[in-house]
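The following note is written for a colleague who is new to reading protein structures. Please keep the structure in view while going through the numbered points.

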Amino acid sequence: MLDRIQFQRVLDNVLSNALKYRDSDNGSLTVRLAAKDGGYFIECEDRGRGVAQEDLGRIFESFYRTDKARADVAKGNGLGLAVTARIIEAMKGRIWGRPAVPKGLCICIWLPTKQAFAQGMETGKVETV
């Protein structure tokens, strides 16, 4: 049960984030899609500055910015990933971040299939990874 317009906003926010926090004029973003646990698993992995382990749990909070991001306020307002998380949650999905290897950030998204979403609505529970 994907809202295509809102999902486009999710992808735009993730791409914009990767562009803002790349290390140089060149950057890369690898996107992987797989069926997993009754849904679709999407990984968006960049090779930018990354996020410290202690900050990973907060990157989806409104207005939260890592120390490096605060140094350049012109790059954004700290809402992109927060909005992205709310959109994914509204679609009964899950979103989290993890460090990319050797460096960078990987945004992980899991969204239920139509069948998993419908089953979850019947039982009141949508299974996520």
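1. Helices and strands are here runs assigned by DSSP, a helix having at least four residues and a strand at least two, with numbering from the N terminus. On that basis the chain contains four helices and four strands. Read from the N terminus on, the elements follow the order α-β-β-α-α-β-β-α. The reader should bear in mind that this is a predicted model.

2. The chain has 129 residues, and 39% of them are buried. Its exposed area is about 7800 Å², of which carbon and sulfur atoms supply 52%. Among contacts between residues at least 6 apart in sequence, 58% join residues at least 24 apart.

3. Which residues touch the most other members of the largest nonpolar core? They are Ile59, Phe60, Ile95, Ile107, Ile109 and Leu111, within a core of 19 residues. The elements that contribute two or more residues to this core are α1, β2 (39-46), α3 (80-90) and β4 (105-112). As general background, nonpolar side chains tend to be buried together in soluble globular proteins.

4. Leu111 deserves a separate look. Leaving aside residues up to four places away in sequence, Leu111 touches Leu2, Phe7, Gly39, Tyr40, Ile42, Ile88, Met91 and Gly93. Leu111 is also one of the core residues that touch the most other members.

5. Nonpolar residues also occur at the surface: Leu15, Leu19, Leu29 and Val31 make a nonpolar patch of about 320 Å². Two elements, α1 (4-20) and β1 (29-36), each give two or more residues to the patch. Leu29 belongs to strand β1. Is Leu29 buried or partly exposed? Leu29 has a relative accessible area of 30%, so it counts as partly exposed.

6. The structure holds seven salt bridges. One of them is formed by the side chains of Glu43 and Arg98, with an N to O distance of 2.8 Å. This pair links distant parts of the chain, since Glu43 lies in strand β2 and Arg98 in strand β3 (residues 94-99), 55 residues apart. Buried means under 20% relative accessible area; Glu43 is therefore buried at 13%. Its partner Arg98, with a relative accessible area of 26%, is partly exposed.

7. A second salt bridge joins the side chains of Glu45 and Arg47, at 3.2 Å from N to O. Glu45 has a relative accessible area of 8% and is therefore buried. Arg47, by contrast, is partly exposed, with 31% relative accessibility.

8. The side chains of Glu61 and Arg58 also meet in a salt bridge, at 3.1 Å from N to O. Which class of exposure do Glu61 and Arg58 fall into? Glu61 is partly exposed, its relative accessible area being 31%, and Arg58 is partly exposed at 37%. Elsewhere, salt bridges that share partners connect Arg32, Glu43, Glu45, Arg47 and Arg98 into one network.

9. For a first reading, two features may be followed on the model. The first is the largest nonpolar core, to which α1, β2, α3 and β4 each give two or more residues. The second is the salt-bridge network, whose members include Glu43, Glu45 and Arg98.

Technical notes:
Residues are numbered from 1 along each chain as its sequence is written. This is a predicted model: local features need pLDDT of at least 70, side-chain atom pairs count only at pLDDT 80 or more; totals for chains, interfaces and linings use all residues. Side-chain values use heavy atoms; hydrogens and water are left out. Patches are made of residues with over 30% relative accessible area and no salt bridge: like charges are joined within 9 Å, nonpolar side chains (Val, Leu, Ile, Met, Phe, Trp, Tyr) within 5 Å. Accessible areas come from the Shrake-Rupley method with a 1.4 Å probe; for residues, only the protein chains shown count as cover. A salt bridge is a side-chain nitrogen of Lys or Arg within 4 Å of a carboxyl oxygen of Asp or Glu. Buried means under 20% relative accessible area, exposed over 50%, partly exposed in between (1.4 Å probe, protein chains only). A nonpolar core is a set of buried Ala, Val, Leu, Ile, Met, Phe, Trp, Tyr and Cys residues joined through side-chain atoms within 4.5 Å. Contact means heavy atoms within 4.5 Å.
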